[in-house]
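User: I'm new to reading protein models, and I'd like to look closely at one part of this one rather than rush through everything. Could you pick a part and walk me through its surroundings in one connected answer?

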Amino acid sequence: MAVPLDSTGKINFDHIYTAPDPRPFFGTLRRLDYDIPQQAKAYFTKLIDEYRTEAGVKVPTVLDLGCSYGVNAALYRCDTSMERLYEHYASASSLSRDELIVRDRRMVERVAVCDEVRFIGLDASAPALDYALAAGFIDEAIHADLENEEPTEERRALLSEVDIVISTGCVGYVTEKTLVRIARENRPWMAHFVLRMFSYAPVAESLGELDYDTTGVEGVFRQRRFASDEEQAQILDNLSVAGVDPRGLETEGRLYARLFVSRPNGAAGELASALNTLPLRDQG
């Protein structure tokens with residue numbers, strides 16, 4: 001049976017983001033070589049280090065926008081990889097959810113290499129957030145749809161503590177509405193991996209009204225393989241409409257993203273330059 005496409009032309013994966021635990025998420029996306037969090041890991045690590053040094057903040061607070069089950073936090077906090085996480089959850093098919101949480105908490109306690117980051121996860125999926133929090137991947141959770149509603153006073157209090165905002169795929173589904181509602185609380189640094197079929201220009205323009213500067217980082221970053229010929233055809237159409245040349249990239253069977261950084265007070269170029277020093281490996 002054909003899997004339906006969502007409004008953007010991508011395969012609809014809603015069900016794997018609302019399961020009680022991450023096993024459907026990892027099981028489904030492993031088959032598609034989903035790799036963008038792995039691609040992002042070194043860049044987020046460098047970003048955090050740059051912020052810590054420049055701002056003199058020993059324990060930065062990082063907001064993962066669209067965090068789902070806390071994957072980016074798990075990669076950083078446990079110094080692990082997507083492949084190891086795929087194996088980790090594939091080997092847990094016989095465990096109950098509670099047993100899996102205990103196993104994950106032990107992993108965090110055993111292998112966590114850096115406790116000097118506080119992670120807040122923001123997502124529209126309560127089950128995913130509940131799991132990420134219970135497993136210890138994130139320290140705080142914000143269950144909200146900031147596209148359609150202003151943050152409550154409680155959520156604004158948490159957002160006012162955020163130093164850095166990261167994401168690996170939700171910008172394009174969320175827009176400048178969400179980013180501005182986050183940015184205006186504490187004007188944090190931002191780094192977003194954005195699929196090439198989406199324009200970051202509306203975000204950059206809206207953040208510019210808050211005195212943000214935005215620039216792109218060199219290179220492109222693979223997200224995953226297309227799930228079907230139908231999905232690829234639709235995404236190629238979307239890229240054509242957006243004026244983006246897919247040759248050698250999406251035409252070869254994968255979705256690709258670009259990385260954009262936004263900083264207040266005209267300093268995005270310096271941040272991008274620091275991130276551009278990272279080797280362009282495992283891309284394209």
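Analyst: Happy to! Helices here are DSSP runs of at least four residues, strands are DSSP runs of at least two, and both are numbered from the N terminus. With those names you can place S93, which belongs to the loop between α5 (82-90) and α6 (97-111). Please keep in mind that this is a predicted model.

S93 makes a handy warm-up. Is S93 buried or exposed? Its relative accessible area is 64%, and exposed means over 50%, so S93 counts as exposed. S93 and K177 lie 84 residues apart along the chain, and their C-alpha atoms are separated by 39 Å.

Now for the part I picked: strand β2, residues 118-123. Five of its six residues are buried, which means that β2 is largely enclosed by the rest of the structure.

Let's see what pairs with β2. Strand β1, residues 61-65, runs parallel to β2, and five bridges join the two. Within that pairing, I120 of β2 has L63 opposite. Strand β3, residues 140-143, also runs parallel to β2, this time with four bridges. There, G121 is the bridge partner of A141 in β3. The path between β2 and β3 is worth tracing too: together with helix α7 (residues 126-135), these two strands make a right-handed β-α-β unit.

One residue of β2 deserves a closer look, and that is D123. D123 is buried but has no salt bridge. Where is the nearest side chain of opposite charge? That side chain belongs to R155, and it is 12 Å away from D123. A salt bridge here needs a side-chain nitrogen of Lys or Arg within 4 Å of a carboxyl oxygen of Asp or Glu. What D123 does have is a polar partner in the backbone: its side chain reaches the nitrogen of C67 at 3.3 Å. Leaving aside neighbours within four places in sequence, D123 is in contact with G66, C67 and S68, with L129, and with I142, H143 and A144.

I142 on that list takes us into strand β3. Its relative accessibility is 2%, and buried means under 20%, so I142 is buried. Not counting residues up to four places away in sequence, I142 touches several residues, including I120, G121, L122 and D123. Others on its list are L63 and L129, along with R155, L158 and L159. By contrast, the C-alpha atom of I142 is separated by 23 Å from that of I36, and these two residues are 106 apart along the chain.

To finish, try the same way of reading on another strand. Strand β8, residues 254-264, has nine of its eleven residues buried, so β8 is largely enclosed by the rest of the structure as well. Which way do its partners run? Strand β5 (residues 189-195) is antiparallel to β8 and joined to it by six bridges, with V194 and R258 as one of the bridged pairs. Strand β6 (residues 212-216) is antiparallel to β8 too, with five bridges, and Y212 stands opposite P264. Strand β7 (residues 221-225) is likewise antiparallel, with four bridges to β8, and F221 has A257 as its bridge partner. So there is a neat contrast for your notes: β2 runs parallel to β1 and to β3, whereas β8 runs antiparallel to β5, β6 and β7.

Methods:
Residues are numbered from 1 along each chain as its sequence is written. This is a predicted model: local features need pLDDT of at least 70, side-chain atom pairs count only at pLDDT 80 or more; totals for chains, interfaces and linings use all residues. Side-chain values use heavy atoms; hydrogens and water are left out. Buried means under 20% relative accessible area, exposed over 50%, partly exposed in between (1.4 Å probe, protein chains only). Two strands pair if DSSP finds at least two bridges between them. A crossover is right-handed if, with the strands pointing away from the viewer, the path from the first strand over the helix to the second runs clockwise. Lys and Arg count as positive and Asp and Glu as negative; His and the chain ends are not counted. A polar contact is a pair of N or O atoms within 3.5 Å; within protein, one must be able to donate a hydrogen and the other to accept it, and residues adjacent in sequence count only if both atoms are side-chain atoms. Contact means heavy atoms within 4.5 Å.
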